[in-house]
Amino acid sequence: MKNGLMRWLGPGFCLVTIMFCSCTEKNDTRAYTLWYDEPAKEWIEALPVGNGRLGAMVFGNPDSERIQLNEESLWAGQPIDNNNPLALENLPRIRQLLFKGKNQQAFVLAQKTLLGTPPEIRSYQTLGDLYLIGKENSSLFHNYTRELDLSTGIALARYDSDGMSVTRQVFSSAPDNLLAVHLKTEGGDGWSGSIALTRERDARVHVVSDNRLLMQGQIIDDPDPEKGPGGEHMRFGALLDVNISDGTLSSAEDVLILENVSEALILFTAATDYDRDQLDFDRTVDPVQQCQDILDAAEGSSFETLVSRHLKDHQTLFNRVKFDLGPDTLDHLPTDERLQRVKQGADDPGLMTTYFQYGRYLLMGSSRAPGVLPANLQGIWNHHYEAPWNSDFHTNINLQMNYWPAQVTNLPETVPPLIEFFDRLRIPGRITARDMYGADGWNMHHVTDPFGRTGLMDGIQWGTSPLAGAWMCLSLWRQYEFMQDKELLREQIYPILKGAAEFTLDFLVEGPDGYWVTAPSMSPENAFYLPGTRETTQLTYAATIDIEIIHELFNACIKAAGILEQDSDFAQTLKQTLDRLPPLQIGADGTLQEWIEDYKEAEPGHRHISHLFGLYPGTLINPHTPELFEAARRTIEKRLAHGGGHTGWSRAWIISFYARLLDGEQAHHHLHQLLAKSTLPNLFDTHPPFQIDGNFGGTAGIAEMLLQSHSNEIRLLPALPVAWPQGSITGLRARGAVEVDMEWENGVLTEARLRPEKNDPLTIVYKDQRIEVDAHAGKEILLNRESFN
């Protein structure tokens, strides 16, 4: 049966013939494909697959294939109320010290009375590794290639060795909730070797039948005064099923052994006892039984059927957007060679289109059903037990950036895990608002974990961001702006926004100049010199980012209340409060002032440029506010002159800043710099080390260069660079539930097609021309260059 597979269908198993699926053959065009001519030597060279819940990094090694595994909810730690019990009684004193200019004294007191108890969380962890270890030495291989086709979500490795051609394919299926590995050989005696699951700690692996391996474990945390009590915490399981076409399959100790196999199908899944609804463990859940149920549901499905279901699901999302910048004359070069050319100064539009689509692919792979958690600092791909920054949910820019491309690049399905998570997070957030600040509503600070930690984390200089939850709300509000789902707004989004606004109203206090101000406050994570001294601090009141966040949040709540025809008195209170906020100020050097006073920055090239939140992703600073618009430009120039943009995510943010400033040349320059300075061989972003936010921010920045829809207008090709003289993009989305396609030649828009889903008038802007269109749901609007003459 060289062309089929045997499936185990239960006791006294029988045979079913399954044909190899031709739709997964080599992608000769290499469009939207990462490809390499040698195996990955390091994790940062491996290729990611994911279904929102299960992630894998595929190395493509002929001799000893390693597939590193993740399950999104496998975290150390446990639910802990870490709100400092001394916070509320000391809050007035901290505010008084800040208002009197005694910032350092306020800092010392805050460190003792506001910082969480404990102040740190534990880490997201690797699940382990799947190994395929060849019996014969395959080190002498040739005709090698490995690739990741973003349009199919399938990672492939192909090589010839000892007269045999070997092809391996790996994908993570959302509809079947599993990872599939398919091995096929042609010529020779077939593949011989062993299959193993490994994990270095807290787990054991054993054979449960001649074709199944089981991993069972429970994370054991040691007591740590910084992270909390120890104990037996998250339980997990993983199950692997192997089926072969011919040859033999047997077991020995904790591995499966294959001999002379022409074709094999490996199905893998994993589960934990995490309960997202409760932000806790559910000890009634059996992770092993969950795995059994998932694989049993796939039992009897041919490889062809599994691939077909996966492709239908994957391509329904991925194929919505196509991006072309002309013929790709470099697609004959491996991706790492192309990246190296960029690092040496070359331009590569084809690589940029792939990079754009890679961000969409990674968001699809790390945030969607069957997953239940948002994408973390590494998406879902992490090979550490103690990851950098714990691979946490960082909410003072990073988690927000993860979702910047979601709506504009037409992936609204990636947002529900974020909405659902923050819907649950309101519960511990209400306790933090009440116990720390004596406030209604809910809030959080700059870090959380799957267990809903909302107290102030890590240190006063890092974590004093009481409006981090308010900022997160804007990622949810965008889902309504772009999709116009009124029921979703009513049932989930508006209640979350309203709770954050209620907290903000209670948190505001009258400052020395009579304005309503936030106190304590900081501009993440930058410091300033105290006037007349060489002392630095981060702690202040009414940092500019706070004022900008409040404007965005309150205006979103006011609009939502109007749409839903409710809470008119609450909306009026928000309007009145907005009138008493401090204004945005321009400093003596012409830049936007970062703090309530025109302090001197301790680090003028700081990676965070938080006071430009109002430019992007906010909307407060725009061409209709020319003085602030120019001050924003000078702010970026000053940051860059002092070395800013040196981390991946910071550089990605700068792309969108310049796109909003309608400066295509600078936006393109920083996109090039993002690839040249902050991109790893597998196109992962690096802080360093790897953080996925820069990938998402880069994709969002490209979209922002091509389409903008804030300020109640749809702006076409607002920041098109000279380096992209011709091209097209289809399937982007604009606010108001409008899908947009565009084509251009010689740097000039030749055609735009807008597909509105609502009967609302549209204002469309191209360069300095503006037209008004009465849109009708389902009726395409066709524009060409004459439309703007």
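**Helix crossing and largest pocket in a predicted model**

Q: Why are α4 and α6 called oblique to each other in this predicted model?
A: The axes of helix α4 (residues 303–318) and helix α6 (residues 349–366) cross at roughly 130 degrees. Angles of 65 to 115 degrees count as roughly perpendicular and those over 145 as roughly antiparallel, with the rest, once those under 35 are set aside as roughly parallel, counted as oblique; α4 and α6 are therefore oblique to each other.

Q: How do you know that α4 and α6 meet, and which residues take part?
A: The two axes come within 11 Å, and contact itself is judged by heavy atoms within 4.5 Å. On that basis His314, Leu317 and Phe318 in α4 meet Gln357, Arg360, Tyr361 and Met364 in α6. By class, this contact of α4 with α6 has 4 nonpolar, 2 polar and 1 charged residues.

Q: Which hand does the crossing of α4 and α6 have?
A: The crossing of α4 and α6 is right-handed.

Q: What makes up the lining of the largest pocket, by residue class?
A: The largest pocket has a volume of about 850 Å³, and of the 34 residues that line this pocket, the closest to its centre are Glu481, Lys559, Ser709, Asn712 and Arg735. The lining divides into 13 nonpolar, 12 polar and 9 charged residues.

Q: Which element gives the most to the lining of the largest pocket?
A: At least two lining residues come from each of α11 (468–483), α13 (544–564) and β31 (761–766), and α13 gives the most, with 6 residues.

Definitions and conventions. Residues numbered from 1 in each chain as written. Predicted model: local features only at pLDDT ≥ 70, side-chain atom pairs only at ≥ 80, totals over all residues. Heavy atoms only, no water. Axes fitted to C-alpha atoms, helices over the stretch in contact; angles between N-to-C directions. Helix = DSSP H or I, 4+ residues; strand = E, 2+ residues; numbered from the N terminus. Left-handed = near helix turned anticlockwise from the far one by under 90°. Nonpolar A, V, L, I, M, F, W, Y, C, P; charged D, E, K, R; others polar. 1 Å grid on protein atoms, 1.4 Å probe; cavity = no way out; pocket = protein on both sides within 12 Å on 5 of 7 lines; lining within 4 Å. Points joined across faces, edges and corners; volume = space filled by probe spheres on them.
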